[in-house]
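Here is a quick walk through the inside of a protein model: its holes, one helix pair and a couple of single residues. Have the structure open as you read.

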Amino acid sequence: MSRTPTIDSCTVETSDGVKLHTTIFKPNPYEDEEEEALGEEISKNSSWVVVLVHPYSILGGCQSLLRGIASGLTRKGYKVLTFDMRGVGRSTGKPSITGFKEIKDVVAVCKWGCENLSVNKILLVGSSAGAPIAGSAVDQVEQIVGYVSIGYPFGLLASVLFGRHHKNILKSPKPKLFIMGTHDGFTTVKQLNNKLRSAAGRVETHLIEGIGHFELESPAYDSQMVIFIAEFINSL
């Protein structure tokens, strides 16, 4: 059975001087003989860091919502970074309504991870409003090699706030996975499919039958998200 991840915290500074409260999840080594296979998995995954981007700051989004996913991925051998975007928790600055200033936050954390965690590959994962923000950062960091969205708000109402982000992830050639519940209140399955028809590069979807937007964000689905994310990384 896997051990509890090692959890530390640090401050990451953005290009415009905002200081972000960031949490680092690292795998513990496996020493028991019966856990040798798990130890090999950790070694294989040690070149990766998964950066998780939390839901909309203005509606209470924060990094603690992603703790379950972070812990689950760490138990599979991945280093994981979560952080509070500007104006959230102990991070300085003020949140923006459209999430464009927060792109700098994502870029800063990704670059910090490469420089300080001895990794050369990043998987960027955004949840809810964190998905369009993360999507706009994908092509700004060379080491980002894949992107996962959990409940991307592609719908008409959400597009009033986040519509200008859409083209950034859709035009990116980097592999993309979109996870969504079929009863998502912000985006219908038809809207998702229509958007993804224009997407460049490799695009995959996982639709979870009968699940709504906020249900998908709940801890009840953390383990399922971990499985989807880990399978996607293994395919890259």
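What follows is a short tour of a predicted model, starting with the empty spaces.

## Enclosed cavities

How many cavities of 30 Å³ or more are there? The count comes to 2. The largest has a volume of about 60 Å³, and the second largest has about 40 Å³.

Around the largest cavity you'll find Pro-55, Leu-65, Leu-66, Ile-69, Ser-127, Ile-150, Leu-216, Glu-217, Asp-222 and Met-225. Helix 7 (213-217) and helix 8 (222-235) each put at least two residues into that lining. Sorted by class, the wall of the largest cavity has 7 nonpolar, 1 polar and 2 charged residues.

The second largest cavity is lined by Pro-55, Tyr-56, Ser-57, Met-85, Pro-95, Ser-96, Gly-99, Glu-102 and Ile-133. Here the split is 5 nonpolar, 3 polar and 1 charged. Pro-55 turns up in the lining of the largest cavity and in that of the second largest.

## The largest pocket

Now for the open space: the largest pocket holds about 280 Å³. It is lined by 17 residues, and those closest to its centre are Tyr-56, Leu-59, Ser-128, Phe-186 and Phe-214. Tyr-56 is also one of the residues lining the second largest cavity.

Which elements give two or more residues to this lining? They are helix 5 (156-170) and helix 7. Helix 5 supplies the largest share, with 4 residues. By class, the pocket lining comes out as 12 nonpolar, 4 polar and 1 charged.

## Helix 3 against helix 4

Helix 3 (residues 102-116) and helix 4 (residues 130-137) have axes that come within 9 Å and cross at roughly 65 degrees. The crossing is right-handed.

On the helix 3 side, the meeting residues are Glu-102, Ile-103, Val-106 and Val-107, and on the helix 4 side they are Ile-133, Ser-136 and Ala-137. That contact has 5 nonpolar, 1 polar and 1 charged residues. Two of its members, Glu-102 and Ile-133, are also among the residues lining the second largest cavity.

## Helix 2 and its cover

Helix 2 (residues 67-75) has a run of buried residues: Ile-69, Ala-70, Ser-71, Gly-72, Leu-73 and Thr-74. What covers them? The cover includes strand 2 (19-26), strand 3 (48-53), strand 4 (79-83), strand 6 (144-150) and helix 8. Of these buried residues, Ile-69 also helps line the largest cavity.

Just past the end of helix 2, look at Gly-77, which takes a positive phi of about 105 degrees.

## Two single residues

Ser-57 sits in the loop between strand 3 and helix 2. Is Ser-57 buried or exposed? Its relative accessibility is 15%, so Ser-57 counts as buried, the cut-off being under 20%. Setting aside neighbours within four places in sequence, Ser-57 is in contact with Met-85, Val-88 and Pro-95. Met-85 and Pro-95 join Ser-57 in lining the second largest cavity.

Thr-4 belongs to the segment before strand 1 (6-13). With 54% relative accessibility, Thr-4 counts as exposed, because that label applies over 50%. Its C-alpha atom is separated by 8.8 Å from that of Thr-74, although the two residues are 70 residues apart along the chain. Leaving out neighbours within four places in sequence, Thr-4 is in contact with Asn-28 and Arg-75.

Methods
Residues numbered from 1 in each chain as written. Predicted model: local features only at pLDDT ≥ 70, side-chain atom pairs only at ≥ 80, totals over all residues. Heavy atoms only, no water. 1 Å grid on protein atoms, 1.4 Å probe; cavity = no way out; pocket = protein on both sides within 12 Å on 5 of 7 lines; lining within 4 Å. Points joined across faces, edges and corners; volume = space filled by probe spheres on them. Nonpolar A, V, L, I, M, F, W, Y, C, P; charged D, E, K, R; others polar. Axes fitted to C-alpha atoms, helices over the stretch in contact; angles between N-to-C directions. Left-handed = near helix turned anticlockwise from the far one by under 90°. Contact = heavy atoms within 4.5 Å. Buried < 20%, exposed > 50% of the residue type's maximum accessible area, 1.4 Å probe, protein only.
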